[in-house]
Amino acid sequence: MRRLLERWPPVLWIAVYVASLLILMGGTSTWTVLAVGATLALVACAAALHLALRRRPDRPRPGWFAWAIGGVALFYVVCAAVATATMGVVYGVAALMAGVIPMTAVALLLATARAKTGATEEGVRDASVEDHRDPFPGIGMDGATAEQPRARRRART
């Protein structure tokens with residue numbers, strides 16, 4: 001399972017889907033089902049963040065990854081602070097829990113791009129270009145693509 005998660009992180013959406021169902025069912029039936037769903041959602045979020053942010057020399061992690069994840073976290077922390085100040089602690093916790101699914105989505109998007117990106121001496125390179133037999137879809141980051149239009153402009157002048 002670990003190898004599958006490293007090659008194609010979106011498989012974690014199955015856990016997020018099940019967690020969402022349990023949360024919805026728990027809201028209308030029992031607290032136990034709600035707690036199990038929330039725990040599963042938190043575990044999936046933690047796994048997605050681990051895949052997106054862990055150190056791997058063969059799969060580079062650009063510095064802006066932390067900004068993307070930090071931006072989502074900051075938004076939901078501010079929402080929780082406002083909810084706590086105006087309506088109470090229960091609503092603040094609910095605001096934080098509401099951020100788990102979007103945080104998981106951002107982390108999985110970044111982890112998928114990272115899984116398809118390789119390190120070269122020139123920078124990052126989309127490894128999925130050469131690997132046409134890879135059964136897992138995804139698009140990696142490619143530092144050379146952003147440089148091509150600039151190089152053409154310089155060549156014209």
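Buried residues account for 29% of the 157 residues in this chain. The model is a predicted one. The chain exposes about 10100 Å². Carbon and sulfur atoms supply 69% of that area.

The secondary structure comes to seven helices and two strands. Follow the sequence and the order is α-α-α-α-α-α-β-β-α. The two strands therefore sit one after the other, between the sixth helix and the last one. Contacts also reach along the chain. Take those between residues at least 6 apart in sequence: 59% of them join residues at least 24 apart.

Now go inside. In soluble globular proteins, nonpolar side chains tend to be buried together. Here the largest nonpolar core has 18 residues. Leu-12 and Ala-52 have the most contacts inside this core. Three elements give two or more residues to the core: α3 (31-53), α4 (64-87) and α6 (100-115). The most comes from α6, which gives six residues.

Start with Leu-12. Leaving out residues up to four places away in sequence, Leu-12 touches Leu-5, Ala-44, Ala-47, Ala-48, Leu-51 and Leu-108. Of these partners, Ala-44, Ala-47, Ala-48 and Leu-51 fall within α3 (31-53), and Leu-108 falls within α6 (100-115).

Next, look at α6 itself. This helix has 16 residues. From first C-alpha to last, α6 reaches 22 Å, close to the 22 Å expected at 1.5 Å a residue. Its buried residues are Val-100, Met-103, Thr-104, Ala-107, Leu-108, Leu-110, Ala-111, Thr-112, Ala-113, Arg-114 and Ala-115. An α-helix has 3.6 residues a turn, so residues three or four places apart point the same way. Val-100, Met-103, Thr-104, Ala-107, Leu-108 and Ala-111 are among the buried positions to trace with that spacing in mind.

Arg-114 leads on to another arginine. Arg-54 is found in the loop between α3 and α4. Is Arg-54 buried or exposed? Arg-54 counts as buried, because its relative accessibility is 15% and the cut-off for buried is under 20%. What does Arg-54 touch? Not counting residues up to four places away in sequence, its contacts are Arg-2, Glu-6, Leu-49, Arg-61 and Arg-114.

Finally, turn to the surface. Ile-14, Tyr-17, Val-18 and Leu-21 make a nonpolar patch of about 380 Å². Ile-14 lies in helix α2 (residues 13-28). Ile-14 counts as exposed because its relative accessible area is 56%, and exposed means over 50%. Leu-12, by contrast, belongs to the nonpolar core.

Terms used. Residues are numbered from 1 along each chain as its sequence is written. This is a predicted model: local features need pLDDT of at least 70, side-chain atom pairs count only at pLDDT 80 or more; totals for chains, interfaces and linings use all residues. Side-chain values use heavy atoms; hydrogens and water are left out. A nonpolar core is a set of buried Ala, Val, Leu, Ile, Met, Phe, Trp, Tyr and Cys residues joined through side-chain atoms within 4.5 Å. Buried means under 20% relative accessible area, exposed over 50%, partly exposed in between (1.4 Å probe, protein chains only). Helices (H or I, at least four residues) and strands (E, at least two) are DSSP runs, numbered from the N terminus. Contact means heavy atoms within 4.5 Å. Patches are made of residues with over 30% relative accessible area and no salt bridge: like charges are joined within 9 Å, nonpolar side chains (Val, Leu, Ile, Met, Phe, Trp, Tyr) within 5 Å. Accessible areas come from the Shrake-Rupley method with a 1.4 Å probe; for residues, only the protein chains shown count as cover. A salt bridge is a side-chain nitrogen of Lys or Arg within 4 Å of a carboxyl oxygen of Asp or Glu. The expected span of a helix is 1.5 Å times one less than its number of residues.
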